[in-house]
Amino acid sequence: MIIDTIEVHDINSFSKLESLNEVYETIWMLIPILILVGGITISILVIVWLEREIAAGLQQRIGPEYAGPFGILQALADGAKLLFKENLLPSRGDTYLFTIGPAIAVISILLSYSVIPFSYRLVLADLDIGVFLWIAISSISPIGLLMSGYGSNNKYSFLGGLRAAAQSISYEIPLTLCVLSISLLSNSSSTVDIVEAQSKYGLWGWNLWRQPVGFIVFLISSLAECERLPFDLPEAEEELVAGYQTEYSGIKFGLFYVASYLNLLVSSFFVIVLYLGGWNFSIPYIPLSELFETAVGVFGTIIGIFITLVKTYLFLFIPITTRWTLPRLRMDQLLNLGWKFLLPISLGNLLLTTSSQLLSL
């Protein structure tokens, strides 16, 4: 069978076109992810600067002021310094666990941002189980901390990893029960549906008013999940030197630092999404989705992102000021608070929510 040279040329051209289309599709798939990672990085730098300024104000001292105007480049300078420092490995530790522990802690938290709606129809993955995917993924982070503590061959590091695992288990259950209550109220576990369910009555439609007890339990549990004061037992410097990060240096130590702020930011985003209306305005009877139908698409999306970020950064004042206000709990007090108080309260709140939903049918 003889094939014409023109037909062979057409077949080669078609195969090249197909390969180019695949490359373009891959690039277009990576662009939203890269934009999200870039925005998260900038947000972390802002949070670090904001925390240092607030801490300086609370303690009546001067905060960062030399690196850039108002010290806004101080966090960037600290990251560059850690990047060029030497990475030391414990001589008798498990090098494999010691190396992948910080990476697991960071990657598991980064994946949680994929289900956060930043504006109207602006979410990386709108899943039907969005909020529970966040809980499932975030529970992987303490495993990385435990691996880091075990791989360090240091009793203080290992105790810090054990504390991180125990604390995560103790406070994930009340947090999950609070999220389940919100899902029952919204008749969905999708983050987008939960935000849209709160948009009808503006400020009065927020789940904060329908779930005040759940909001308080969720706030305390999220602080414990982020290991923020007064719940920073895994890295208590008076008891464990620096906890699971005692043996780390250089960029690996910086990854733990980044992971803590990533977790703080994602928890604040979920507080806004679950309880404070997400991207919606606080003006009753003017849902933002109707405004988007009349506004230009890009302009409307920018408005939604702006509202989400303003709510998030205003809420961040609570965990930041809490860190410099309350003393650290003992380990037995922390576990008692989680198992003896928050768990029964969140379970009772779930039962009341379920009963009210059944009676309203």
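**Close-up 1. Tyr113 and its contacts in the predicted model.** In this predicted model, let us start at Tyr113 and look past its neighbours within four places in sequence: Tyr113 is in contact with Leu36 and Ile40, with Phe118, and with Leu262, Leu265, Val266 and Phe269. Tyr113 also belongs to the largest nonpolar core, where it is among the residues that touch the most other members.

**Close-up 2. The largest nonpolar core.** Stepping back from Tyr113, you can find the rest of this core, which has 61 residues. Alongside Tyr113, the members that touch the most others are Trp134, Val179, Phe218, Phe270, Leu274 and Tyr275. Which helices each supply at least two residues of this core? They are α1 (5-58), α3 (95-112), α4, α6, α9 (212-225), α11 (250-275), α13 (297-315) and α15 (331-359). Of these, α11 gives the most, with 13 residues.

**Close-up 3. Another core, set apart.** Apart from the largest core lies another core, this one of 6 residues. Its members include Tyr120, Val192, Val195 and Val273.

**Close-up 4. Helix α4 against helix α6.** Here helix α4 (residues 130-138) packs with helix α6 (residues 155-186) at an angle of about 170°, and their axes are 10 Å apart. Because angles over 145 degrees count as roughly antiparallel, α4 is described as roughly antiparallel to α6. On the α4 side, look for Val131, Phe132, Trp134, Ile135 and Ser138; they meet Glu172, Leu175, Thr176, Val179, Leu180 and Ser183 in α6. Sorted by class, this contact has 7 nonpolar, 3 polar and 1 charged residues. Two names may look familiar: Trp134 and Val179 are also among the members of the largest nonpolar core that touch the most others.

**Close-up 5. Phe84 in a loop.** Phe84 lies in the loop between α2 (74-83) and α3. Is this phenylalanine, Phe84, buried or exposed? Phe84 is exposed, because its relative accessible area is 71%, and exposed means over 50%. Look also for Gly250: 166 residues separate Phe84 and Gly250 along the chain, yet their C-alpha atoms are separated by 7.0 Å.

**Overview. The whole protein chain.** To place the close-ups, note that the protein chain has 15 helices and 0 strands. Of its 361 residues, 46% are buried. Among contacts between residues at least 6 apart in sequence, 80% join residues at least 24 apart. The chain exposes about 18900 Å², and carbon and sulfur atoms supply 70% of that area.

How values were computed. Residues numbered from 1 in each chain as written. Predicted model: local features only at pLDDT ≥ 70, side-chain atom pairs only at ≥ 80, totals over all residues. Heavy atoms only, no water. Axes fitted to C-alpha atoms, helices over the stretch in contact; angles between N-to-C directions. Helix = DSSP H or I, 4+ residues; strand = E, 2+ residues; numbered from the N terminus. Parallel < 35°, antiparallel > 145°, perpendicular 65-115°, else oblique. Contact = heavy atoms within 4.5 Å. Nonpolar A, V, L, I, M, F, W, Y, C, P; charged D, E, K, R; others polar. Buried < 20%, exposed > 50% of the residue type's maximum accessible area, 1.4 Å probe, protein only. Areas by Shrake-Rupley, 256 points an atom, 1.4 Å probe, with all protein chains shown as cover. Core = buried A, V, L, I, M, F, W, Y, C linked by side-chain atoms within 4.5 Å.
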